[in-house]
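Colleague: Could you take me to one spot in this model and look at it closely? After that, please walk outward from there, so that I can place it in the rest of the chain.

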Amino acid sequence: MSGPRWPTVRLTDVVDVLDARRVPVKASERAARGGRVPYYGATGQAGSIDSAIFDEPLVLLGEDGVPFFDPYKPKAYLVDGPAWVNNHAHVLRARAPVDRRFLKHYLDWFDYRGYANGTTRLKLTQSAMKRMPVLLPEPAEQRQIVEILEDHLSRLDAAADYASAARRRLRAMQKATLLELIPDRANYPSEWRTATVAEAGKVELGRQRHPDWHTGPNMQPYLRVANVFEDRIDTADVKEMHWDGDAFERFRLHPGDVLLNEGQTPDLLGRPALYRGEPPNVAFTNSLIRFKASPDVLPEFALLVFRRHMHAGRFTRESRITTNIAHLSAARLKPIEFPIPSLEAQTAIVQDASTRLADIARLEGTISSQTARAHNLRRAVLAAAFSGKLTGRRSDDEVVEELAGALA
């Protein structure tokens, strides 16, 4: 890592490390104390408290719980004025000749491989942080780089805000479509039969997992919550475990089965997907519930009903919530209302939904691709800044585009 003519120093040469003054405070204690002083953690403000332990311009760099190896996520942030910092963020006071804003952007760009370590949770120790190399242009050049860099980043931030707003509008459109096609029980058409989930099909909880089953002679794949998204089964990370006797056959999925997440955040509880045969020969565990539609219910229609219930918060009202995770047991799912129109009407609803929701999905795909491109551009802007290629001229855009293409 080196600029065209910039010296390299250790981080400890240009900052005072104030970690010894950090004090973690439990959320319950902060709630009892009240106050308006920002309380900061690894990735930003985590609440508020009644007094401050810092009151100066600082750079906070995550110590743990930070996506150090994700080049598109920030790792550092600036704070000004009264602040309280817990033990999940390093507290840095920038010293001359380093510009605090320059340092913040540099820490976001830095490659933390070889510095942050850990098996289940990455951690950047103070000793490793102190020996991190820092590129150090002259102060005037640092300020120029920051001004040019922040001009580019502000435009990318505006684009990200626009994309987020567009995504929220599409989600609202999706919900409105589902609620229109399948109204609430009070507004079912007279020809629809009002039933329960248990009356509309068979409800089963998957097989319980056990640590001893991670190895064995009869290893077979299974799906879990991490594989089931709304109307989509992710096959990128399918696990395997040992299955005794006929257990695998009892829990093996068949095309047309609808899977619902048993445990999730309240807004995603019951997130359903239709199993269409991929991956083949796979079972499911007790983090999922299987619904096998009766002959008078189309699996595709059942999927729409469950998607409608999820977006309307119907599953959440029947759930129990522990440590911010909602759980929907098979017993609580079974009594929930389930409309049953004629098969002809179900077919028409499924076809209508397919057309309308596909249009929304295409727009979401466009937003996702543009968001990915914006992430590449952000990384490219930082790379250009710290390789001395940002000049403030129009040609900067060409440099950034070229670097973004290399990162894609």
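Modeller: Happy to. Let's begin at Gln264, which sits in strand E18, a short run covering residues 263-264. Please keep in mind throughout that this is a predicted model. Is Gln264 buried or exposed? Its relative accessibility is 13%, and the cut-off for buried is under 20%, so Gln264 counts as buried. What surrounds Gln264? Leaving aside residues up to four places away in sequence, Gln264 is in contact with Val225, Leu269, Arg271, Ile325 and Ala326.

Two of those partners, Ile325 and Ala326, lead us to strand E23. This strand spans residues 325-327 and includes His327. With residues up to four places away in sequence again set aside, His327 touches Glu262, Gly263, Leu269, Ser319, Arg320 and Thr322. Leu269 is therefore worth finding on your screen, as it is touched by both Gln264 and His327. The side chains of His327 and Glu262 also make a polar contact, at 3.4 Å. To see how the chain comes back on itself here, compare His327 with Leu260: they are 67 residues apart along the chain, and their C-alpha atoms are separated by 11 Å.

From here we can move to some backbone details in the loops. The loop between strand E19 (272-274) and strand E20 (283-284) holds Pro279. Pro279 is joined to Glu278 by a cis peptide bond, with omega about -5 degrees. Asn281 is in the loop between E19 and E20 as well. Although Asn281 is not glycine, its phi is positive, near 50 degrees. Asn281 has a relative accessible area of 47%, so it is classed as partly exposed.

A comparable backbone angle turns up at Asp231, another non-glycine residue, where phi is positive at about 55 degrees. Asp231 belongs to the loop between strand E14 (228-229) and strand E15 (232-233). With a relative accessible area of 30%, Asp231 is partly exposed too.

Asp231 also takes us to a pocket. Together with Arg171, Gln174, Glu230 and Arg307, Asp231 is among the residues nearest the centre of the second largest pocket, which has 24 lining residues. Helices H4, H7 (299-311) and H10 each give two or more residues to that lining. The biggest share comes from H10, with eight residues. By type, the lining splits into 11 nonpolar, three polar and 10 charged residues. The volume of this pocket is about 650 Å³.

H4 and H10 come back in the largest pocket, where H2, H4 (139-181), H10 (343-385) and H11 (395-407) each supply at least two lining residues. This pocket encloses about 820 Å³ and has 32 lining residues. Nearest its centre are Leu153, Leu156, Asp157, Ala374 and Arg378. In this case H4 gives the most, with 12 residues. The lining is made up of 14 nonpolar, seven polar and 11 charged residues.

H2 deserves a stop of its own. It runs over residues 100-109, and nine of its 10 residues are buried. Among the buried ones are Leu103, Lys104, Leu107, Asp108 and Trp109. The N-terminal end of H2 is capped by Asp99, with a side-chain oxygen 2.8 Å from the backbone nitrogen of Arg101. The loop that leads from strand E9 (89-94) to H2 contains Pro97. The bond joining Ala96 and Pro97 is another cis peptide, with omega about 15 degrees.

Finally, H2 connects us to the interior. In soluble globular proteins, nonpolar side chains tend to be buried together. The largest nonpolar core in this model has 42 residues, and Leu11, Leu107, Tyr112, Leu124 and Met132 have the most contacts inside it. Elements that each supply at least two residues of this core include H2, H4 and H10, along with strand E6 (58-62). Leu11 itself touches Leu92, Leu103, Met129, Lys130, Met132 and Val134, not counting residues up to four places away in sequence. Apart from this core lies another, with 40 residues that include Tyr188, Val197, Phe315 and Ile340.

Key
Residues are numbered from 1 along each chain as its sequence is written. This is a predicted model: local features need pLDDT of at least 70, side-chain atom pairs count only at pLDDT 80 or more; totals for chains, interfaces and linings use all residues. Side-chain values use heavy atoms; hydrogens and water are left out. Buried means under 20% relative accessible area, exposed over 50%, partly exposed in between (1.4 Å probe, protein chains only). Helices (H or I, at least four residues) and strands (E, at least two) are DSSP runs, numbered from the N terminus. A polar contact is a pair of N or O atoms within 3.5 Å; within protein, one must be able to donate a hydrogen and the other to accept it, and residues adjacent in sequence count only if both atoms are side-chain atoms. On a 1 Å grid over the protein atoms alone, a cavity is a set of points where a 1.4 Å probe fits but cannot get out, and a pocket is an open set with protein on both sides within 12 Å along at least five of seven lines; lining residues have an atom within 4 Å of a point. Grid points are joined across faces, edges and corners, and a volume is the space filled by probe spheres set on the points. Ala, Val, Leu, Ile, Met, Phe, Trp, Tyr, Cys and Pro count as nonpolar, Asp, Glu, Lys and Arg as charged, and the others, Gly among them, as polar. A nonpolar core is a set of buried Ala, Val, Leu, Ile, Met, Phe, Trp, Tyr and Cys residues joined through side-chain atoms within 4.5 Å. Contact means heavy atoms within 4.5 Å.
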